[in-house]
Amino acid sequence: MLSDAQDAFGHELLDHLAGKETWEIIERDDGMFGTGLGTKLYFAEYKEWPAGDKLAMTCVRGKVLGIGCGVGRHSLHLQEQGFDVHGIDVSPGAVEVCKRRGLAKVTLLPLTQLSRELGVFDTVLMMGNNVGLLGNPRRRGGFSGGSRA
(Lines give C-alpha, C1' and ligand atoms only; values in the text may rest on other atoms or scores of the structure.)
Protein backbone atom coordinates (compact mmCIF):
# COMPACT_ATOMS: atom_id res chain seq x y z
CA MET A 1 0.00 0.00 0.00
CA LEU A 2 1.06 3.55 -0.56
CA SER A 3 1.91 5.91 2.25
CA ASP A 4 0.21 9.29 2.31
CA ALA A 5 3.38 10.89 0.93
CA GLN A 6 3.47 8.37 -1.96
CA ASP A 7 -0.20 8.72 -2.88
CA ALA A 8 -0.08 11.65 -5.32
CA PHE A 9 -2.77 10.02 -7.48
CA GLY A 10 -5.07 9.57 -4.51
CA HIS A 11 -4.62 13.19 -3.48
CA GLU A 12 -5.39 14.27 -7.03
CA LEU A 13 -8.63 12.26 -6.99
CA LEU A 14 -9.66 13.57 -3.58
CA ASP A 15 -8.94 17.14 -4.70
CA HIS A 16 -11.05 16.68 -7.84
CA LEU A 17 -13.89 15.22 -5.78
CA ALA A 18 -13.67 18.32 -3.54
CA GLY A 19 -14.06 20.55 -6.60
CA LYS A 20 -10.45 21.68 -6.83
CA GLU A 21 -8.66 22.07 -10.16
CA THR A 22 -6.19 19.24 -10.76
CA TRP A 23 -3.45 18.34 -13.25
CA GLU A 24 -1.95 15.00 -14.05
CA ILE A 25 1.72 14.45 -14.84
CA ILE A 26 2.88 10.93 -15.58
CA GLU A 27 6.36 9.52 -15.15
CA ARG A 28 6.75 5.82 -15.88
CA ASP A 29 9.50 3.42 -14.87
CA ASP A 30 10.58 3.14 -18.52
CA GLY A 31 11.42 6.88 -18.61
CA MET A 32 8.27 8.12 -20.36
CA PHE A 33 7.22 11.50 -19.01
CA GLY A 34 4.17 13.51 -20.02
CA THR A 35 0.76 14.83 -19.13
CA GLY A 36 -2.22 12.59 -18.62
CA LEU A 37 -5.81 13.11 -19.66
CA GLY A 38 -6.59 14.50 -16.23
CA THR A 39 -9.12 13.49 -13.66
CA LYS A 40 -12.17 14.52 -15.68
CA LEU A 41 -12.20 11.19 -17.57
CA TYR A 42 -11.88 9.20 -14.34
CA PHE A 43 -15.12 10.78 -13.09
CA ALA A 44 -16.92 10.74 -16.47
CA GLU A 45 -20.48 9.51 -16.73
CA TYR A 46 -21.15 6.43 -18.89
CA LYS A 47 -22.35 8.50 -21.87
CA GLU A 48 -18.93 10.22 -21.97
CA TRP A 49 -16.87 7.02 -21.85
CA PRO A 50 -14.71 5.87 -24.75
CA ALA A 51 -16.35 3.25 -26.96
CA GLY A 52 -13.92 0.55 -25.79
CA ASP A 53 -14.92 1.04 -22.16
CA LYS A 54 -18.60 0.72 -23.07
CA LEU A 55 -17.91 -2.41 -25.11
CA ALA A 56 -15.99 -3.96 -22.21
CA MET A 57 -19.04 -3.53 -19.95
CA THR A 58 -21.06 -5.76 -22.29
CA CYS A 59 -18.61 -8.62 -21.63
CA VAL A 60 -18.99 -8.61 -17.84
CA ARG A 61 -20.52 -11.69 -16.26
CA GLY A 62 -21.14 -12.78 -12.67
CA LYS A 63 -19.13 -11.57 -9.71
CA VAL A 64 -16.68 -8.78 -10.64
CA LEU A 65 -13.25 -7.75 -9.36
CA GLY A 66 -12.03 -4.29 -10.36
CA ILE A 67 -8.23 -4.20 -10.07
CA GLY A 68 -6.80 -0.70 -9.79
CA CYS A 69 -10.34 0.62 -9.51
CA GLY A 70 -9.32 4.27 -9.09
CA VAL A 71 -12.45 6.36 -8.49
CA GLY A 72 -14.65 3.34 -9.19
CA ARG A 73 -16.06 4.58 -12.51
CA HIS A 74 -16.49 1.12 -14.02
CA SER A 75 -17.23 -0.62 -10.72
CA LEU A 76 -19.95 1.86 -9.79
CA HIS A 77 -21.57 1.54 -13.22
CA LEU A 78 -21.66 -2.24 -12.87
CA GLN A 79 -22.91 -2.02 -9.28
CA GLU A 80 -25.77 0.16 -10.55
CA GLN A 81 -26.51 -2.55 -13.15
CA GLY A 82 -26.92 -5.09 -10.34
CA PHE A 83 -23.51 -6.77 -10.45
CA ASP A 84 -21.71 -7.86 -7.27
CA VAL A 85 -18.52 -5.78 -7.64
CA HIS A 86 -15.44 -5.57 -5.43
CA GLY A 87 -12.78 -2.97 -6.21
CA ILE A 88 -9.17 -3.01 -5.05
CA ASP A 89 -6.50 -0.33 -5.27
CA VAL A 90 -3.15 0.47 -3.62
CA SER A 91 -4.07 4.14 -3.31
CA PRO A 92 -5.69 5.05 0.02
CA GLY A 93 -7.04 8.20 -1.63
CA ALA A 94 -8.63 6.25 -4.47
CA VAL A 95 -10.23 3.81 -2.03
CA GLU A 96 -11.61 6.75 -0.04
CA VAL A 97 -13.04 8.30 -3.21
CA CYS A 98 -14.73 4.99 -4.08
CA LYS A 99 -16.29 4.83 -0.63
CA ARG A 100 -17.52 8.42 -0.82
CA ARG A 101 -19.01 7.77 -4.26
CA GLY A 102 -20.92 4.72 -2.98
CA LEU A 103 -18.96 1.66 -4.04
CA ALA A 104 -20.23 -0.96 -1.59
CA LYS A 105 -17.12 -3.19 -1.65
CA VAL A 106 -13.67 -1.65 -1.98
CA THR A 107 -10.44 -2.74 -0.35
CA LEU A 108 -7.02 -1.16 0.01
CA LEU A 109 -5.02 -4.05 -1.42
CA PRO A 110 -2.08 -4.40 -3.79
CA LEU A 111 -2.44 -6.86 -6.66
CA THR A 112 0.54 -8.81 -5.28
CA GLN A 113 -1.46 -9.63 -2.13
CA LEU A 114 -4.61 -10.73 -3.92
CA SER A 115 -5.80 -14.14 -2.73
CA ARG A 116 -8.90 -16.31 -2.70
CA GLU A 117 -9.71 -14.87 0.72
CA LEU A 118 -11.24 -11.91 -1.12
CA GLY A 119 -13.43 -14.30 -3.08
CA VAL A 120 -13.68 -15.98 -6.45
CA PHE A 121 -14.62 -13.80 -9.40
CA ASP A 122 -16.13 -14.44 -12.83
CA THR A 123 -14.91 -11.18 -14.37
CA VAL A 124 -11.71 -9.30 -13.63
CA LEU A 125 -11.55 -5.68 -14.79
CA MET A 126 -8.20 -4.05 -15.49
CA MET A 127 -9.27 -0.99 -17.40
CA GLY A 128 -7.14 1.72 -18.95
CA ASN A 129 -3.46 0.92 -18.53
CA ASN A 130 -4.01 -1.32 -15.52
CA VAL A 131 -2.80 -4.48 -17.27
CA GLY A 132 0.62 -2.89 -16.71
CA LEU A 133 0.14 -3.63 -13.01
CA LEU A 134 1.03 -7.22 -13.86
CA GLY A 135 4.56 -6.07 -14.69
CA ASN A 136 5.72 -8.83 -17.00
CA PRO A 137 4.55 -12.23 -18.31
CA ARG A 138 6.22 -14.17 -15.46
CA ARG A 139 4.53 -12.02 -12.82
CA ARG A 140 1.20 -12.54 -14.56
CA GLY A 141 0.87 -15.85 -12.72
CA GLY A 142 -2.64 -17.28 -12.90
CA PHE A 143 -4.11 -14.36 -14.80
CA SER A 144 -5.17 -15.37 -18.28
CA GLY A 145 -5.48 -12.83 -21.02
CA GLY A 146 -8.27 -12.58 -23.47
CA SER A 147 -11.57 -10.95 -23.98
CA ARG A 148 -14.94 -11.79 -25.38
CA ALA A 149 -15.12 -8.36 -27.01
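These questions and answers go through a predicted model, from its sheet to its helices, cores and largest pocket.

Reader: In what order do the 4 strands of the open sheet stand?
Author: The pairing in this sheet is parallel. The edge strands are β5 (106–108) and β6 (123–125), each of which pairs on one side only. From one strand to the next the twist averages 20°. The order is β5-β4-β3-β6.

Reader: How many bridges join β3 to β4?
Author: Strands of a sheet pair through backbone hydrogen bonds, either parallel or antiparallel. β3 and β4 run parallel, and V64 stands opposite V85 in β4. The number of bridges joining β3 to β4 is 4.

Reader: Which residue of β6 stands opposite V64?
Author: Strand β3 covers residues 64–67 and runs parallel to β6. The two strands are joined by 3 bridges. The residue of β6 opposite V64 is T123.

Reader: How many residues of β4 are buried?
Author: Buried here means under 20% relative accessible area. On one side of β4, V85, G87 and D89 are buried, and on the other side H86 and I88 are buried, so both faces are covered. β4 is largely enclosed by the rest of the structure, because the buried count is 5 of the 5 residues.

Reader: At about what angle does helix α4 run to β4?
Author: Helix α4 takes in residues 73–80. It lies across β3, β4 (85–89) and β6. Its angle to β4 is about 170°.

Reader: How many of the 8 residues of α4 are buried?
Author: The buried residues of α4 are R73, H74, S75, L76, H77 and L78. What covers them includes α2 (39–42), α3 (51–57), β3, β4, α5 and β6. The helix is mostly covered, and the buried count is 6.

Reader: Is S75 buried or exposed?
Author: S75 is found in helix α4. Leaving aside neighbours within four places in sequence, S75 is in contact with G66, C69, V85 and L103. Its relative accessible area is 3%, which is under the 20% limit, so S75 is buried.

Reader: How far apart in space are S75 and C98, C-alpha to C-alpha?
Author: S75 belongs to α4, while C98 is one of the buried residues of α5. In sequence, S75 and C98 are 23 residues apart. In space, C-alpha to C-alpha, the distance is 9.0 Å.

Reader: What do the buried residues of α5 pack against?
Author: Helix α5 (residues 92–101) lies across β4 and β5, running at about 165° to β5. In this helix G93, A94, V95, V97 and C98 are buried. These buried residues pack against α1, β4 and β5.

Reader: Which residue follows α5, with a positive phi?
Author: Helix α4 is followed by G82, whose phi is positive, near 100°. After α5 comes a residue whose phi is positive, near 105°. That residue is G102.

Reader: Why is V90 classed as partly exposed?
Author: V90 is found in the loop between β4 and α5. Leaving aside neighbours within four places in sequence, V90 is in contact with M1, L2, L108, L109 and P110. Partly exposed means between the 20% and 50% limits, and V90 falls there because its relative accessible area is 30%.

Reader: How many residues make up the largest nonpolar core?
Author: The members of this core are A44, W49, M57, V60, V64, L78, V85, L125 and M127. Leaving aside neighbours within four places in sequence, W49 is in contact with A44, K54, M57, R73, H74 and H77. A second, separate core of 8 residues includes I67, I88, L111 and F121. The largest nonpolar core has 9 residues.

Reader: Which element gives the most residues to the lining of the largest pocket?
Author: About 1800 Å³ of space lies in this pocket. It is lined by 50 residues, and the closest to its centre are F9, Y42, N129, N130 and L133. At least two lining residues each come from α1 (8–17), β1 (25–27), α2, β3, α4 and β4. With 4 residues, the element that gives the most is α1.

Conventions:
Residues numbered from 1 in each chain as written. Predicted model: local features only at pLDDT ≥ 70, side-chain atom pairs only at ≥ 80, totals over all residues. Heavy atoms only, no water. Pairing = 2+ DSSP bridges. Axes fitted to C-alpha atoms, helices over the stretch in contact; angles between N-to-C directions. Contact = heavy atoms within 4.5 Å. Buried < 20%, exposed > 50% of the residue type's maximum accessible area, 1.4 Å probe, protein only. Core = buried A, V, L, I, M, F, W, Y, C linked by side-chain atoms within 4.5 Å. 1 Å grid on protein atoms, 1.4 Å probe; cavity = no way out; pocket = protein on both sides within 12 Å on 5 of 7 lines; lining within 4 Å. Points joined across faces, edges and corners; volume = space filled by probe spheres on them.
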